[in-house]
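Student: Got a minute to go through this one with me? Pull it up and let's start with the helices.

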Amino acid sequence: MHTPWDHRYAQRTQRMVSSAIRELLKLTEQPDIISFGGGLPGADVFPIAEFREACDRVLLENGPQALQYSTTEGYAPLREQIARHTSRYAIQIGPENIMITSGSQQALDLLGRIFINHGDRILVESPTYLGALQAWAAYGAEYVTVPMDKQGMNTDALEEALRTGPKFIYVLPNFQNPTGVTLSLERRKRLVELADRYGVPIIEDDPYGQLRYEGEHLPSVVALDDEYRANSEAYYHGNVIYLSTFSKILAPGLRLAWVVAPPEVIRKLVQAKQGADLHTATFNQVVAYEVSRGGFLDQHAKLICRVYKERRDVMLAAMDRHFPPEVDWTQPAGGLFLWGTMPEYLNAADVLSEAIQQKVAFVPGGPFHPNGGGQNTMRLNFSYATPDKIMEGIARLGQVLKSRVKEPA
Ligand SMILES: Cc1ncc(COP(=O)(O)O)c(C=O)c1O
């Protein structure tokens with residue numbers, strides 16, 4: 001329909017594209033489709049009873065504050081809690097290093113707003129998180145990519161990419177979205193060393209760090225960076241901006257996450273956030289603080305890990321059984337996703353349309369590659385569907401793949 005707004009859109013909207021994932025999620029709302037498409041946590045692990053109690057308590061004891069406007073930086077007790085948590089397992093920080101955001105997605109957008117000029121190059125893994133590419137498209141980002149393999153970002157290719165003068169490096173070291181791959185310790189150290197040598201700062205996006213199903217926790221890039229700089233005060237140095245979120249360990253519907261950055265950067269982010277939404281919902285912050293007090297998060301993370309580990313194992317076993325040998329996939333040690341690679345002659349979008357007819361869905365991997373490629377790749381989510389649905393869905397997908405592999409185009 002013609003509207004008076006048709007010729008009034010800002011130029012930047014030309015670079016905004018709707019996410020393939022969102023479009024797909026619409027399709028998978030049909031109840032009979034088994035979807036491995038979205039990045040959804042399992043709704044059966046949401047701590048609903050704890051939320052109900054916390055809401056009651058907050059409204060009884062703290063109602064006027066919880067329903068009022070609050071500061072852009074975020075609810076002070078929550079920031080203090082996050083600072084204590086971060087200081088315990090990673091780096092020494094205080095509340096002045098933290099801003100609460102409406103999801104890490106908003107943090108990515110605000111970081112784009114304060115750092116990215118039109119045409120700036122950002123160094124990313126390929127493939128990388130689609131939501132970051134989407135957020136930064138509006139600011140005119142260009143990408144220099146470093147390929148991923150099963151040890152994460154290939155740091156042998158990093159130096160050449162750094163020579164192009166990127167503004168910052170964006171890295172997802174733990175159970176990366178989309179591949180599920182974890183950056184090895186050796187490569188984390190190499191990344192820190194090379195970033196320092198070329199004077200390029202890092203944004204570390206870590207929504208899944210607490211969802212590890214096997215093996216030892218690896219130190220975050222932000223912690224290794226501090227160590228590398230032999231930081232004598234043992235206090236956060238600031239070369240790495242660190243993002244994490246309550247979406248995967250509590251509930252994504254809260255839209256609650258945090259940024260760790262030097263106080264100067266926090267001040268800029270606060271200015272940007274004021275323009276965006278004044279502050280993140282006070283009520284959600286106060287309730288999340290109530291729910292997560294007293295060690296609940298650690299305890300709840302254990303439950304989530306148990307449930308998701310089972311789902312991952314079921315998916316991997318079903319893939320072993322039903323997928324043709326021409327398809328290869330990652331073995332994630334945590335997180336929500338694994339990544340399949342089909343023979344080059346197969347196109348994941350074509351496979352998807354056939355899969356949807358068989359009532360199973362996944363996300364084609366192409367759009368996760370900012371500079372193209374990966375048409376034969378796919379992301380599969382294992383946290384959302386129940387084990388019996390996972391078995392059924394993978395069997396269906398295996399059939400589709402087998403028929404395709406037999407008949408190369
Ligand atoms: C790597 C990565 N960053 C950021 C986000 C956004 O998370 P949030 O729900 O906190 O906005 C996601 C969500 O899936 C993600 O995978």
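Student: Which way does H4 pass H5, right-handed or left-handed?
Tutor: H4 crosses H5 in a right-handed sense. A crossing is right-handed if the near helix is turned clockwise from the far one by less than a right angle, and left-handed if anticlockwise.

Student: Which residues make the contact?
Tutor: H4 gives Gln 105, Leu 108, Asp 109 and Gly 112. H5 gives Gly 131, Ala 132, Ala 135 and Trp 136. Contact means heavy atoms within 4.5 Å.

Student: And the geometry: at what angle do the axes of H4 and H5 cross?
Tutor: At roughly 35°, with the axes coming within 9 Å. H4 covers residues 103–115 and H5 residues 130–137. Axes are lines fitted to C-alpha atoms over the stretch in contact, with angles from 0 to 180 degrees between N-to-C directions. Helices are DSSP runs of H or I, at least four residues, and strands are runs of E, at least two, numbered from the N terminus.

Student: What sort of model is this?
Tutor: It is predicted: local features need pLDDT of at least 70, side-chain atom pairs count only at pLDDT 80 or more, and totals for chains, interfaces and linings use all residues. Residues are numbered from 1 along each chain as its sequence is written, and side-chain values use heavy atoms, leaving out hydrogens and water.

Student: On to the ligand. Which residues come nearest?
Tutor: Ser 104, Asp 205, Tyr 208, Thr 245 and Ser 247, out of 13 around the ligand. Being near takes a heavy atom within 4 Å.

Student: Where does the largest share of that shell come from?
Tutor: From H4, with three residues.

Student: What polar contacts does the ligand have?
Tutor: Among them, a polar backbone atom of Ser 104 is 2.7 Å from a ligand oxygen. A polar side-chain atom of Thr 245 also lies 2.7 Å from an oxygen of the ligand. For a side-chain N or O atom of Asn 177, the distance to a ligand oxygen is 2.8 Å. A polar contact is a pair of N or O atoms within 3.5 Å.

Student: Back to Asn 177. What joins Asn 177 and Pro 178?
Tutor: A cis peptide bond, omega about 25°. Pro 178 sits in the loop between strand S6 (168–171) and helix H7 (185–198). Phe 175 is in the loop between S6 and H7 too. Phe 175 has a positive phi of about 45°, though not a glycine.

Conventions
Polar contact = N/O pair within 3.5 Å; in protein donor to acceptor, adjacent residues only side chain to side chain.
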